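Here is a short report on one protein chain. Keep the sequence and the 3D view open while reading.

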Amino acid sequence: GEGSQLFGSGKVFAVGNCAASIPGLDPLPKNSFPAEEMAAHVARNIRRLEKSQPLKAFYWPWLASVSATSLGPRDGVLVMNNRLAGSGFVALRGRLVNWVKEFIRWSKVDEC
């Protein structure tokens, strides 16, 4: 932001919960999705540094705040847009949530 300075000449990056405050994006949900996106974004910015290109700011879409929770083998709840405590809305309930959660996990593990 205005008046801020880059630490380590802009060659030090923080991702996940240790990036406590990102101006314009606060608050981010405290789950793995923002951390994964931040890590991928940092990797792209490191490549940009290597090519002497300007860094790009991190972007987090408002609807990307998803939390899928299993409530046993046949039940679950999926909450979206839950950036603040007590915010968000229930998008899905029941057995299908477990399938969605497994699909998300599978797609994330498959990225590695």
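## The D75 corner

D75 is partly exposed, with a relative accessible area of 33%. That value falls in the partly exposed class because buried means under 20% and exposed means over 50%. The model behind this value is predicted.

D75 sits in the loop between β1 and β2. Its contacts, leaving aside neighbours within four places in sequence, are S70, G94, R95 and N98. Take R95 from that list. D75 and R95 are 20 residues apart in sequence. In space, their C-alpha atoms are 4.6 Å apart.

## Overall layout

The protein chain has two helices and three strands. Along the sequence they follow the pattern α-β-β-β-α.

Of the 112 residues in the protein chain, 26% are buried. The chain exposes about 8100 Å². Carbon and sulfur atoms supply 59% of that area. Now consider contacts between residues at least 6 apart in sequence: 35% of them join residues at least 24 apart.

## The sheet

How are the strands ordered in the sheet? The order is β1-β2-β3, in an open sheet of three strands with antiparallel pairing. β1 and β3 stand at the edges. Each has a single partner strand, so one side of each is left without a neighbour in the sheet. From one strand to the next, the twist averages 20°.

Strand β2 covers residues 76-80. Four of its five residues are buried, so the strand is mostly covered under the cut-off of 20% relative accessible area.

## Strand pairing

Start with β1, residues 66-70. β1 pairs with β2 in the antiparallel sense over five bridges. Two bridge partners can be picked out. S67 is matched with V79 in β2. T69 is matched with V77 in β2.

β1 and β2 form a hairpin, with five residues between them. G72 lies in the turn and has a positive phi of about 105°. D75, described above, is also in the loop between these two strands.

β2 pairs with β3 as well, again in the antiparallel sense. Here there are four bridges. Strand β3 covers residues 89-93. The bridge partner of M80 in β3 is F89.

## Helix α1: N45 and I46

Helix α1 spans residues 32-50. It includes N45 and I46. Which of these sequence neighbours is covered?

N45 is buried, with a relative accessible area of 4%. That is because the buried class takes values under 20%. Leaving aside neighbours within four places in sequence, N45 is in contact with F13, L55 and K56.

I46 counts as partly exposed, at 37% relative accessibility. I46 is also part of a nonpolar patch on the surface, together with F13, L49 and L55. The four residues have about 280 Å² of accessible area together. F13 and L55 therefore appear twice here: they belong to the patch, and they are contacts of the buried N45.

## An unusual phi at S52

What is the sign of phi at S52? It is positive, at about 60°, although S52 is not a glycine. Most residues other than glycine have a negative phi.

S52 lies in the loop between α1 and β1. S52 is exposed, with a relative accessible area of 68%. The value is over 50%, which is why S52 falls in the exposed class.

Key: Residues numbered from 1 in each chain as written. Predicted model: local features only at pLDDT ≥ 70, side-chain atom pairs only at ≥ 80, totals over all residues. Heavy atoms only, no water. Buried < 20%, exposed > 50% of the residue type's maximum accessible area, 1.4 Å probe, protein only. Pairing = 2+ DSSP bridges. Patch = residues over 30% accessible without salt bridge, like charges linked within 9 Å, V, L, I, M, F, W, Y side chains within 5 Å. Areas by Shrake-Rupley, 256 points an atom, 1.4 Å probe, with all protein chains shown as cover. Salt bridge = Lys/Arg side-chain N within 4 Å of Asp/Glu carboxyl O. Contact = heavy atoms within 4.5 Å. Axes fitted to C-alpha atoms, helices over the stretch in contact; angles between N-to-C directions.
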